[in-house]
Amino acid sequence: MSTEPSAAEAARDLDFIRDVVDRTDRRVDPHAFHYVHWGAIVLLWYPIANWLALRGEIGPMIAVGVGSVALGMLLSIVREIRLQKSPRLEGENTFLSNQMMLVTFASIGAGAVLSGVSPNFGFIEGPNIPTLWALVYANMAVMLGIIYRRAFLYAGIVIFAAAIIAIIVPAYNGFIVGPAMGLGMIVPGLQAERRVKELQAEPRAA
Amino acid sequence: MPHNNAPFDSLLLSQVRLGIVSVLMTRRDATFSDLKALLGLTQGNLGIHLRKLEDAGYVSVRKAFVERKPKTTCKLLAKGRKAFLAHLKQLEDIAREAT
């Protein structure tokens with residue numbers, strides 16, 4: 001046991017604790033490239049699919065959908081494998097990045113199940129599936145915004161608003177939700193990627 | 001003179017050990033490399049301070065091999081958490097009284 005620190009020493013130690021806690025909390029690599037490239041895919045895919053649907057070209061519309069999902073999955077797998085081979089962010093808060101991964105997988109999983117079940121039981125018709133995915137993305141973005149960074153929260157609100165408009169104007173849902181979902185994932189995703197690069201370049205704690 | 005009749009915990013008067021416990025308060029656990037990176041410590045320095053915290057029963061240190069590489073994981077124990085919270089309160093009391 002020891003003597004009491006002075007007021008200046010106590011204040012210095014409190015500042016030090018705050019600094020360490022802050023530094024520990026914010027070191028997260030959320031693998032945001034997934035959000036960026038899936039955002040880019042839906043940004044193009046949904047409006048194109050909507051345009052093809054309005055022209056009655058169902059075959060090409062399905063082909064675009066299958067191709068988009070395949071491309072997205074391929075990019076996710078390849079980039080994730082590449083990332084696993086590179087050194088991870090030093091001192092990373094893996095608890096938070098794991099939570100983000102769980103939120104993403106749970107949301108995408110629920111969306112996939114709903115996309116399969118809903119049209120077959122007449123709950124949501126096939127052409128309205130993009131709106132369903134917009135609601136899934138909105139929910140995911142809001143949750144990411146709550147646990148990670150505000151930019152995702154704002155994106156989630158925008159995507160949700162777009163989904164509501166798409167419910168009102170279902171014939172043009174792809175034109176409405178595609179850009180909202182795309183930009184709603186790309187913008188916060190790029191911000192998160194830039195943040196990771198800054199953290200990687202940050203000098204070690206003194 | 002001890003503050004509020006409670007003696008200060010000399011283990012946590014070291015800023016390095018205070019830093020280690022602060023990191024472990026924020027996370028469930030942290031690897032040796034995480035602590036080194038977050039606190040900017042050398043391997044030897046970190047090892048010495050961790051040993052003191054481990055001997056006092058404040059942290060647990062578990063060594064294992066993951067993919068043939070040694071991995072040391074540190075966790076804060078209940079005694080360490082209690083000591084940190086008491087120390088934090090004492091620091092806040094001193095800082096408050098000074099203002």
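The following exercises, each with a worked solution, concern a predicted model.

Local features require pLDDT of at least 70 and side-chain atom pairs count only at pLDDT 80 or more, while totals for chains, interfaces and linings use all residues. Residues are numbered from 1 along each chain as its sequence is written, chains are lettered from A and ligands numbered from 1 in the order in which they are written, and side-chain values use heavy atoms, with hydrogens and water left out.

**Exercise 1. Describe the pairing of R23(A) and D19(A), and the exposure of each residue.**

Step 1. A salt bridge is defined as a side-chain nitrogen of Lys or Arg within 4 Å of a carboxyl oxygen of Asp or Glu. For R23(A) and D19(A), the N to O distance is 2.3 Å, and the two side chains form a salt bridge.

Step 2. Both residues belong to helix α1 (residues 7-25) of chain A, where they stand 4 residues apart, about one turn of the helix. Helices (H or I, at least four residues) and strands (E, at least two) are DSSP runs, numbered from the N terminus.

Step 3. Buried means under 20% relative accessible area, exposed over 50%, and partly exposed in between (1.4 Å probe, protein chains only). R23(A) has 12% and is buried, whereas D19(A) has 37% and is partly exposed.

Step 4. Side chains of opposite charge can pair when their charged atoms come close.

**Exercise 2. Which residues are linked with D93(B) in a network of salt bridges?**

Step 1. K89(B) meets D93(B) in a salt bridge at 3.2 Å, N to O. The two residues lie 4 residues apart in helix α4 (residues 78-98) of chain B, about one turn of the helix.

Step 2. R96(B) also forms a salt bridge with D93(B), at 3.1 Å, N to O. This pair lies in helix α4 of chain B too, with a separation of 3 residues, about one turn of the helix.

Step 3. K89(B), D93(B) and R96(B) are thus linked in a network of salt bridges. Within this network, D93(B) is buried at 11% relative accessible area, while R96(B) is exposed at 52%.

Step 4. Over all chains, the count of salt bridges comes to 8.

**Exercise 3. Which residues touch the most other members of the largest nonpolar core, and which helices of chain A supply at least two residues each?**

Step 1. A nonpolar core is a set of buried Ala, Val, Leu, Ile, Met, Phe, Trp, Tyr and Cys residues joined through side-chain atoms within 4.5 Å. The largest such core has 34 residues, of which Y35(A), Y137(A) and M181(A) touch the most other members.

Step 2. At least two residues each come from α2 (33-54), α4 (94-120), α5 (129-147), α6 (150-168) and α7 (173-201) of chain A. Helix α5(A) provides the largest share, 10 residues.

Step 3. Contact means heavy atoms within 4.5 Å. Apart from neighbours within four places in sequence, Y137(A) is in contact with W38(A), V42(A), I108(A), I159(A), M181(A) and M185(A).

Step 4. A second, separate core of 33 residues includes L14(A), I20(B), L41(B) and Y58(B).

**Exercise 4. Summarise the architecture of chain B.**

Step 1. Chain B has 4 helices and 3 strands, in the sequence pattern α-β-α-α-β-β-α.

Step 2. Its C-alpha atoms fill a box of roughly 50 × 25 × 20 Å along the principal axes. Of the 99 residues in chain B, 45% are buried.

Step 3. Among contacts in chain B with a separation of 6 or more, 53% join residues 24 or more positions apart.
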